[in-house]
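User: I am new to this structure. Please walk me through some of the labels used for it, and show how each one is earned.

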Amino acid sequence: MSQTVEELSASLAAVIERFEAEEMGARATGVTVMVQDDLVVVHLKGVLSPSEKDLAQTQFGQAILQRFNTMLFGAGSSPSIRAQVATSLGRQVADVQTALSPLTGSLVVVFELA
């Protein structure tokens, strides 16, 4: 039996939350997952630790945080999250893009599926 979109979204949210907790040592205050054709969009709220919030007070710190999250979820840096998402969906992940708002602590991750 195939999963409904809601079940699939909930499953992916759990995968992403676990990854954030294991890799970053922090839990998001909210996770929203949207699946549409060949895109999976994940919105994580409240992902910054207190020290990351302090770092986000400068433009240089914001750039560091953005670069770090891009590397964390990016193609070469995190095969584990790509594999976990691919396994959950039964499709390969072709690309991953991230956008972090250091001032709000929100992270958007877009998985493009093959």
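Analyst: Start at the surface. Leu55, Phe60 and Ile64 make a nonpolar patch of about 270 Å². Keep in mind that this is a predicted model.

User: Why is Ile64 called partly exposed?

Analyst: Ile64 has a relative accessible area of 31%. Buried means under 20%, and exposed means over 50%. The value for Ile64 falls in between, so Ile64 is partly exposed.

User: What makes Ile64 eligible for a patch?

Analyst: Patch residues need over 30% relative accessible area. Ile64 has 31%. Ile also counts among the nonpolar side chains. Ile64 itself lies in helix H3, residues 59-73.

User: Why is Ser9 called buried?

Analyst: The relative accessibility of Ser9 is 12%. The cut-off for buried is under 20%. Therefore Ser9 counts as buried. Ser9 is found in helix H1, residues 5-24.

User: What does Ser9 touch beyond its neighbours within four places in sequence?

Analyst: Ser9 is in contact with Val33 and Val35. The side chain of Ser9 also reaches the backbone oxygen of Val33, at 3.5 Å. A polar contact needs N or O atoms within 3.5 Å.

User: Is Arg27 buried or exposed?

Analyst: Arg27 is exposed. Its relative accessible area is 62%, and the label needs over 50%. Arg27 lies in the loop between H1 and strand S1. Leaving out residues up to four places away in sequence, Arg27 touches Glu17, Ala21 and Gly46. Arg27 and Leu48 are 21 residues apart in sequence, and 8.9 Å apart from C-alpha to C-alpha.

User: How do you know that S1 and S2 pair?

Analyst: Pairing takes at least two bridges. S1 and S2 have 7, in the antiparallel sense. One position to look at is Val31, which stands opposite Leu44 in S2. The hairpin of S1 and S2 has 2 residues between the strands. In that hairpin, Asp37 takes a positive phi near 50 degrees.

User: What makes S2 and S4 a pair?

Analyst: Again, at least two bridges are needed. Here 6 bridges join S2 to S4, residues 106-113, and the strands run antiparallel. Val40 stands opposite Phe111 in S4.

User: Why do side chains alternate along a strand?

Analyst: In a regular strand, side chains alternate between the two faces of the sheet. Strand S2, residues 39-45, shows the alternation. Val40, Val42 and Leu44 point to one face and are buried. Leu39, Val41, His43 and Lys45 point to the other face and are not buried.

Key
Residues numbered from 1 in each chain as written. Predicted model: local features only at pLDDT ≥ 70, side-chain atom pairs only at ≥ 80, totals over all residues. Heavy atoms only, no water. Helix = DSSP H or I, 4+ residues; strand = E, 2+ residues; numbered from the N terminus. Buried < 20%, exposed > 50% of the residue type's maximum accessible area, 1.4 Å probe, protein only. Polar contact = N/O pair within 3.5 Å; in protein donor to acceptor, adjacent residues only side chain to side chain. Contact = heavy atoms within 4.5 Å. Patch = residues over 30% accessible without salt bridge, like charges linked within 9 Å, V, L, I, M, F, W, Y side chains within 5 Å. Areas by Shrake-Rupley, 256 points an atom, 1.4 Å probe, with all protein chains shown as cover. Salt bridge = Lys/Arg side-chain N within 4 Å of Asp/Glu carboxyl O.
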